[in-house]
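Q: I have a structure open on my screen and I'd like to learn how to read the way its helices pack. Can you walk me through it?

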Amino acid sequence: MNDNNNADNHSSSKKKNANFLARHKARRFVIQALYQWQMSGEPIVGIKEQFLEHMQDKRCDSRYFAELISNITQFVPELDQTFVALLDREIVQLNPIELA
């Protein structure tokens with residue numbers, strides 16, 4: 001019985017690690033997509049689709065990526081207002097990487 005518990009714990013641990021890595025990759029792709037959006041001025045919908053297509057074979061949490069992109073781009077003014085209070089300079093002085 002103890003061996004089964006160890007096997008279950010190991011399996012559960014591997015699954016959690018895989019989920020963590022998939023979400024980590026999704027967050028990295030979000031930063032890249034936001035950077036591309038800001039630099040190119042292209043509609044986010046096309047960029048999102050491009051990234052989702054690219055992620056199909058990357059063991060990435062594409063649903064999480066899509067959710068983050070949708071929420072971030074929908075609430076840019078609110079997010080900017082939140083960060084303004086924390087900045088040591090005007091938001092217009094941030095470089096594209098900092099904005100992403």
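**Reading helix packing and a pocket**

A: Sure, and keep in mind that this is a predicted model. Let's start with one pair: H3 and H4 pack at an angle of about 75°, and their axes are 5 Å apart.

Q: What is the general idea behind describing a pair like that?

A: Two packed helices are described by the angle between their axes and by the distance between those axes.

Q: How is H3 oriented relative to H4: roughly parallel or roughly perpendicular?

A: Angles from 65 to 115 degrees count as roughly perpendicular, so H3 is roughly perpendicular to H4.

Q: Which residues meet where H3 and H4 touch?

A: From H3 you have Ile-72, Thr-73 and Gln-74, and from H4 they meet Val-76, Glu-78 and Leu-79. Sorted by class, this contact has 3 nonpolar, 2 polar and 1 charged residues.

Q: Now let's try H2 and H3. At what angle do they pack?

A: Helix H2 covers residues 44-55 and helix H3 covers residues 62-74; the angle is about 165°, with the axes 10 Å apart. An angle over 145 degrees counts as roughly antiparallel, so that is how H2 sits relative to H3.

Q: Is the crossing of H2 and H3 left-handed or right-handed?

A: H2 passes H3 in a right-handed crossing.

Q: Which residues of H2 and H3 meet?

A: On the H2 side, look for Ile-44, Lys-48, Phe-51, Leu-52 and Met-55. Their partners in H3 are Ser-62, Phe-65, Ala-66, Ile-69, Ser-70 and Thr-73. By class, you'll find 7 nonpolar, 3 polar and 1 charged residues in this contact.

Q: Let's move on to pockets. How much space lies in the largest pocket?

A: About 360 Å³. It is lined by 14 residues, and the closest to its centre are Asp-80, Phe-83, Glu-98, Leu-99 and Ala-100.

Q: Which elements give two or more residues to that lining?

A: Those are helix H1 (2-40), helix H4 (76-84) and helix H5 (96-99). H4 provides the largest share of the lining, 4 residues.

Q: And what does the lining of the largest pocket look like by class?

A: There are 11 nonpolar, 1 polar and 2 charged residues.

Conventions:
Residues are numbered from 1 along each chain as its sequence is written. This is a predicted model: local features need pLDDT of at least 70, side-chain atom pairs count only at pLDDT 80 or more; totals for chains, interfaces and linings use all residues. Side-chain values use heavy atoms; hydrogens and water are left out. Axes are lines fitted to C-alpha atoms, for helices over the stretch in contact, and angles run from 0 to 180 degrees between N-to-C directions. Angles under 35 degrees count as roughly parallel, over 145 as roughly antiparallel, 65 to 115 as roughly perpendicular and the rest as oblique. A crossing is left-handed if the near helix is turned anticlockwise from the far one by less than a right angle, and right-handed if clockwise. Contact means heavy atoms within 4.5 Å. Ala, Val, Leu, Ile, Met, Phe, Trp, Tyr, Cys and Pro count as nonpolar, Asp, Glu, Lys and Arg as charged, and the others, Gly among them, as polar. On a 1 Å grid over the protein atoms alone, a cavity is a set of points where a 1.4 Å probe fits but cannot get out, and a pocket is an open set with protein on both sides within 12 Å along at least five of seven lines; lining residues have an atom within 4 Å of a point. Grid points are joined across faces, edges and corners, and a volume is the space filled by probe spheres set on the points.
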